[in-house]
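The following exercises are to be worked with the sequence and the three-dimensional structure at hand. Each task is followed by a solution in steps.

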Amino acid sequence: MVENSGVLGWFLLNPKTPPFASHKTLFAFLWVAALASLFVWQRNTISGFLVLGGVPVLPPPKLRPVVFCLTEFGGVGDGVTLNTEAFERGVRAISKLADKGGGQLTVPPGRWLTAPFNLTSHMTLFLAPDAVILAIQDEKYWPLMPALPSYGYGREHPGPRYTSLIHGQNLRDVVITGHNGTINGQGQTWWTKYRQKLLNHTRGPLVQILWSSDIVISNITLRDSPFWTLHPYDCKNVTVKNVTILAPVYHAPNTDGIDPDSCEDMLIEDCYISVGDDAIAIKSGWDQYGITYGRPSKNIVIRNLVVQSNVSAGISIGSEMSGGVSNVLVENILVWESRRAMRIKTAPGRGGYVRQITYRNLVFKNVRVGIVIKTDYNEHPGAGYDPKALPILRDIRFINIRGQGVRVPVRIQGSEQIPIRNVTFQDMKVGTTYKKKHIFQCAFVQGQVIGTISPAPCDSFDRYDEQGQLVKHAASQNVTDIDYEI
């Protein structure tokens, strides 16, 4: 029996769909009525900034001195008229106001069809209630861009890639917010063409911001992206807050929710994400290209999320992590009706490292595999990678893990080439659907368990009591006990 009560307790102990009219109601009940009392959030205030895990939380965006409406630039919100030029004219007007604090472009209620367009610095894109930015589906309207330097070529095809619907690069001080307006990628056509192998270039994300800083994305809905939904690349000081991200949980390939990629000082909080791939995937480049580019993802806080991923994982690190990933805090997360909850994935050839990662206050509901660390995710950009470039995985902590209806709570698959070091489990109680012995699975892992761990851990871990006293040494750290039949 999982020791929880209230709304969260109901969610854990009752199967399938929760009794809420919408994901908004679900999110509000879970976090306001339950998690606020269940989790102890450690917060400190320093010089007016909220600091958690060493990452500063940006203050609310400043009001812009000038506000434009899209209709002032000829926009027509009938869902049919193409508004690309209206968006571009609005952005150009704001670009002339940098020395005055920038400007805001308001998208009023309506359905605003557009091709991809670029943002500018010192800009707020504001979506009013019932405002929907609609992506045009014909790929001839989507410009091609060079491949990202840390990937070598387009993620799905050699050569250039399609741009994102909303794009920005080399920017500072950009806000995308509103009163829960929607950016809709209308990705169904892209998904179909991808499955039928009719595309010659890598699909574009919904929102992609590159080489930029001081970015805030809040209070909007992102849905049905052609590819990854929100992709900040080599950015600093990024906040994503109160964002809903949706795509079908099946047959919407690679619609990751948020993919921080070689990003530094980033906060993701208070979001609901249900998509057709990883809800969140922290990345930092692919094999030799990521190693050469050499930009890690670091200082990232992910907290207070409800996520679902039927085909992949709730929160992933990798597999493209060749620039390194470090100093990540993942806390106060509910993963429900998903294939996996937390996953770290890498392979020979990646190089880089994953270290100083803390997961705490996690709840799994009807998840096939709770915690996965996988070192043979052998997908590569080409034959030129170095198989001797081995990633380093160490200093990973899991604290206060709860769950119900989990098939395999833990599967940590290191290898002789890529052993996993200093993994800690503390206070874990996960109810399982299988009663077999080998549901806490390990291979080539070293670490420790502290206090009560249920189900019982594998023999690769030293065991300590709640007072930190050694109870039992690990029997062997190189035993392979992985069973994919479960």
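**Exercise 1.** Determine whether Trp 228 is buried or exposed in this predicted model, and describe how its ring is arranged with that of Phe 227.

*Solution.* Step 1: a residue counts as buried when its relative accessible area is under 20%. Trp 228 has a relative accessible area of 6% and is therefore buried. Step 2: Phe 227, at 4% relative accessibility, is buried by the same cut-off. Step 3: a pair of aromatic rings is described by the distance of the centres and the angle of the planes. Applying the rule for ring pairs gives 14 aromatic pairs. For Phe 227 and Trp 228, the ring centres are 4.8 Å apart and the planes lie at 15 degrees, so this pair is stacked.

**Exercise 2.** Identify the residues with the most contacts inside the largest nonpolar core, and list what Leu 125 touches.

*Solution.* Step 1: the largest nonpolar core comprises 105 residues, and Leu 125, Ile 183 and Phe 425 have the most contacts inside it. Step 2: leaving aside residues up to four places away in sequence, Leu 125 touches Phe 87, Leu 105, Val 107, Phe 117, Leu 119, Ile 133, Ile 166, Val 175, Ile 176 and Thr 177. Step 3: a second, separate core has 9 residues, among them Trp 228 and Tyr 233. Step 4: Phe 425 also belongs to a cluster linked by ring pairs, together with Tyr 359, Phe 398, Phe 440 and Phe 461.

**Exercise 3.** Find the aromatic rings over which the charged ends of Arg 203 and Arg 355 sit.

*Solution.* Step 1: for Arg 203, the ring is that of Tyr 194, with the charged end 4.0 Å from the ring centre. Step 2: for Arg 355, the ring is that of Tyr 353, and the distance to the centre is 3.8 Å.

**Exercise 4.** Check whether the end-to-end distance of helix H3 agrees with its number of residues, and state which of its residues are buried.

*Solution.* Step 1: H3 covers residues 84–95, which is 12 residues; at 1.5 Å a residue the helix should span 16 Å. Step 2: the C-alpha atoms at its ends are 17 Å apart, which agrees with this expectation. Step 3: the buried residues in H3 are Thr 84, Ala 86, Phe 87, Gly 90, Val 91, Ala 93 and Ile 94. An α-helix has 3.6 residues a turn, so residues three or four places apart point the same way. Step 4: Ser 95 also lies in H3, but with a relative accessible area of 37% it is partly exposed. Its C-alpha atom is separated by 7.9 Å from that of Met 123, which is 28 residues away along the chain.

**Exercise 5.** Give the strand order of the open sheet of 4 strands, and explain why one side of E8 is left without a neighbour in the sheet.

*Solution.* Step 1: the order is E8-E13-E16-E18, with parallel pairing. Step 2: E8 (117–118) and E18 (230–233) stand at the edges and have a single partner strand each, so one side of each lacks a neighbour in the sheet. Step 3: E8 pairs with E13 (residues 166–169) over 2 bridges in the parallel sense. In this pairing, Asn 118 stands opposite His 167.

**Exercise 6.** State how strand E27 is covered and which strands pair with it.

*Solution.* Step 1: E27 spans residues 408–413, and 6 of its 6 residues are buried. Step 2: E25 (residues 353–374) pairs with E27 in the parallel sense over 5 bridges, with Lys 374 opposite Gln 413. Step 3: E27 also pairs in the parallel sense with E29 (residues 440–443), here over 4 bridges, and Ile 412 stands opposite Cys 442.

**Exercise 7.** Locate the cis peptide bonds at Ser 319 and Pro 455, and the positive phi values of Asn 180 and Asn 422.

*Solution.* Step 1: most residues other than glycine have a negative phi, and most peptide bonds are trans. Step 2: the bond from Gly 318 to Ser 319 is cis, with omega near 5 degrees; Ser 319 lies in the loop between strands E23 and E24. Step 3: Ser 454 and Pro 455 are joined by a cis bond with omega about 5 degrees, and Pro 455 lies in the loop between E30 and E31. Step 4: Asn 180 has phi near 65 degrees and is found in the loop between E14 and E15. Asn 422 has phi near 60 degrees and is found in strand E28.

Notes. Residues are numbered from 1 along each chain as its sequence is written. This is a predicted model: local features need pLDDT of at least 70, side-chain atom pairs count only at pLDDT 80 or more; totals for chains, interfaces and linings use all residues. Side-chain values use heavy atoms; hydrogens and water are left out. The expected span of a helix is 1.5 Å times one less than its number of residues. Buried means under 20% relative accessible area, exposed over 50%, partly exposed in between (1.4 Å probe, protein chains only). A nonpolar core is a set of buried Ala, Val, Leu, Ile, Met, Phe, Trp, Tyr and Cys residues joined through side-chain atoms within 4.5 Å. Contact means heavy atoms within 4.5 Å. Rings of Phe, Tyr and Trp (its six-membered ring) pair if their centres lie within 6.5 Å; planes under 30 degrees apart count as stacked, over 60 as edge-to-face and the rest as tilted. A charge sits over a ring if NZ of Lys or CZ of Arg is within 6 Å of the ring centre and within 35 degrees of the ring normal. Two strands pair if DSSP finds at least two bridges between them.
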